[in-house]
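Colleague: I have this model open on my screen and would like your help with one part of it. Could you take a close look with me and then place that part in the wider picture?

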Amino acid sequence: MDESEEKTINRKIFTKQNKNEHQAIVWRNVILFAYLHLAALYGVFLIFTSAKMHTTVFAIFMYQVSSIGITAGAHRLWSHRAYKAKWPLRVILIIFNTIAFQNHVYEWARDHRLHHKYSETNADPHNANRGFFFSHVGWLLCRKHPDIMEKGRGIDMSDLLADPIVAFQKKYYKFLMPLLCFILPTMLPVYCWSESWANSWFVATMFRYTFSLNVTWLVNSAAHMWGGRPYDRFINPAENISVALLALGEGWHNYHHVFPWDYKAAELGDYKLNMTTAFIDFFAEIGWAYDLKTVSAATVRKRVERTGIDDVDNKNLSWGWDDKDLPQSEREAATIINKQG
Ligand code: ST9
Ligand code: ZN
Ligand code: ZN
């Protein structure tokens, strides 16, 4: 049996085991997430009853900023290496990312590389074959499946260990995260425009944070269920316009799972439905973002033409640009924008 056949069979075995797997519930997380969601709902009530307009605008602004820390930072830069960033941009992204509190970049990227490499198997942390609830939030409410630890050990994370900015965030996350996600966003409205502590906590902090978590989780749940599959009809990730709009361009999920190393995470569409690409392009203009990888039109077309065929050669999924399983033909045909060195 050759290596690719073996990998295909392994994938099938993992997928088959998806049913009837249970991990211990983590009640601390159940209570914390229940509080978050109730507090966010109360925040919505306060937006329409007593919060100042400034506070609501500030909450929306913080949602956008923290989202960029996830989409342009943890996702396209650090998980997929779809482009490179000079240190000032990486500092901006790590600050934005810490505001988002979705775990530090190292942990986020380790889980996310697994999500792509072992998509919809037990080694995928938010395996969408286990239903909407599990892939949305349930996976954060129970212990991880042992396959995640096992397969996770084989994922190359040396690039992130070597990035001092990622290492700094990881080391001081316990202090930086509460400060940037909870303390400062609650203090600013109180001290800058005399908002009440309650309005500030429930609107600028609880509502903003819970809303941005749910938008992110929709990429794992809704965008793995609903939408078109023009690039590969054999996988669940789909092109979901509503998710793309809310998640700053991260809803083009069928394309993204086929070409995870494309910095646009989409083939088509303008900036309106992909604000993250606008952000990266802006920084490419000033030279802080470079080596932006994107798939050539010919490669996309070839892939689309093959969509109707269950393509054995493409069963070796890749997590992004530096993955050794990325087909050489794709790497050679890639377009690299703003190439340096
Ligand atoms: C959150 C993350 O919400 C959301 C991520 C979503 C990803 C979306 C991706 C979609 C595409 C991008 C779109 C972006 C759109 C953005 C739009 C924005 C508007 N490999 O975890 P532990 C080992 S977070 C290898 O405790 P348990 C490792 O040794 C929300 N090994 O496992 C580890 O130790 P260490 C806030 C692994 O006990 C050890 O196991 N955060 C791996 O089973 C223990 O790890 C929370 O609420 C691996 N992948 O607990 C925290 N993983 O780390 C929630 C683990 O020291 N999490 N190991 O190396 C937890 O409480 C726990 O992780 C748990 C599991 C209870 C879920
Ligand atoms: Zn996905
Ligand atoms: Zn991804």
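Is N338 buried, partly exposed or exposed, and how many other C-beta atoms lie within 10 Å?

Modeller: Happy to help, and please keep in mind throughout that this is a predicted model. N338 is partly exposed, with 15 other C-beta atoms within 10 Å; a residue needs 20 or more to count as buried, and 12 or fewer to count as exposed. You will find N338 in the segment after β4 (335–337). Its backbone deserves a glance too: phi of N338 is near 60°, a positive value in a residue other than glycine.

R81 makes a good companion to look at next. R81 is not a glycine either, and its phi is positive at about 50°. R81 belongs to the loop between α3 (53–79) and β1 (84–85). With 21 other C-beta atoms within 10 Å, R81 is buried, whereas N338 is partly exposed. A further positive phi, of about 35°, occurs at F101, just after α4.

That brings us to α4 itself, which covers residues 87–100. Its 14 residues, at 1.5 Å a residue, should span 20 Å, and the end C-alpha atoms are indeed 20 Å apart, so expectation and model agree. Buried residues in α4 include L89, R90, L93, F96, N97 and A100. When you look down the helix, it helps to recall that an α-helix has 3.6 residues a turn, so residues three or four places apart point the same way.

A100 also leads us to S212, since A100 is among the contacts of S212 beyond four places in sequence; the others are Y63, S66 and S67. S212 sits in helix α11 and counts as buried, because 26 C-beta neighbours fall inside 10 Å. For a sense of distance, the C-alpha atom of S212 is separated by 24 Å from that of I25, which is 187 residues away along the chain.

S67 turns up again around ligand 1: of the 30 residues there, S67, R143, K144, G152 and E250 come nearest. The elements giving two or more residues to this shell are α3, α5 (105–117), α7 (146–152) and α11 (197–220). By type, the shell divides into twelve nonpolar, eleven polar and seven charged residues.

Now for the annotations. An unreviewed UniProt entry gives "domain: Fatty acid desaturase" for residues 58–260. In the model that stretch is 64% helix and 1% strand, with its end C-alpha atoms 32 Å apart. The UniProt annotation "transmembrane region", also from an unreviewed entry, covers residues 25–48, 55–75 and 175–194. Residues 25–48 are 92% helix and 0% strand, and their end C-alpha atoms lie 36 Å apart. For residues 175–194 the figures are 95% helix and 0% strand, with 26 Å between the end C-alpha atoms.

Finally, a word on confidence. The chain averages a pLDDT of 91, and 91% of the residues score at least 70. Residues 6–14 stay under 50, and the model has twelve contacts for them beyond four places in sequence. Residues 16–20 are also below 50, with six contacts beyond near neighbours in sequence. Where pLDDT is low, the predicted coordinates should not be read in detail.

Note on methods. Residues numbered from 1 in each chain as written. Chains lettered and ligands numbered in written order. Predicted model: local features only at pLDDT ≥ 70, side-chain atom pairs only at ≥ 80, totals over all residues. Helix = DSSP H or I, 4+ residues; strand = E, 2+ residues; numbered from the N terminus. Expected span 1.5 Å × (residues − 1). UniProt positions renumbered as here; feature names shortened; annotations may be inferred. Near = placed C-beta within 6 Å. Nonpolar A, V, L, I, M, F, W, Y, C, P; charged D, E, K, R; others polar. pLDDT = per-residue confidence, 0-100. Contact = placed C-beta atoms within 7 Å.
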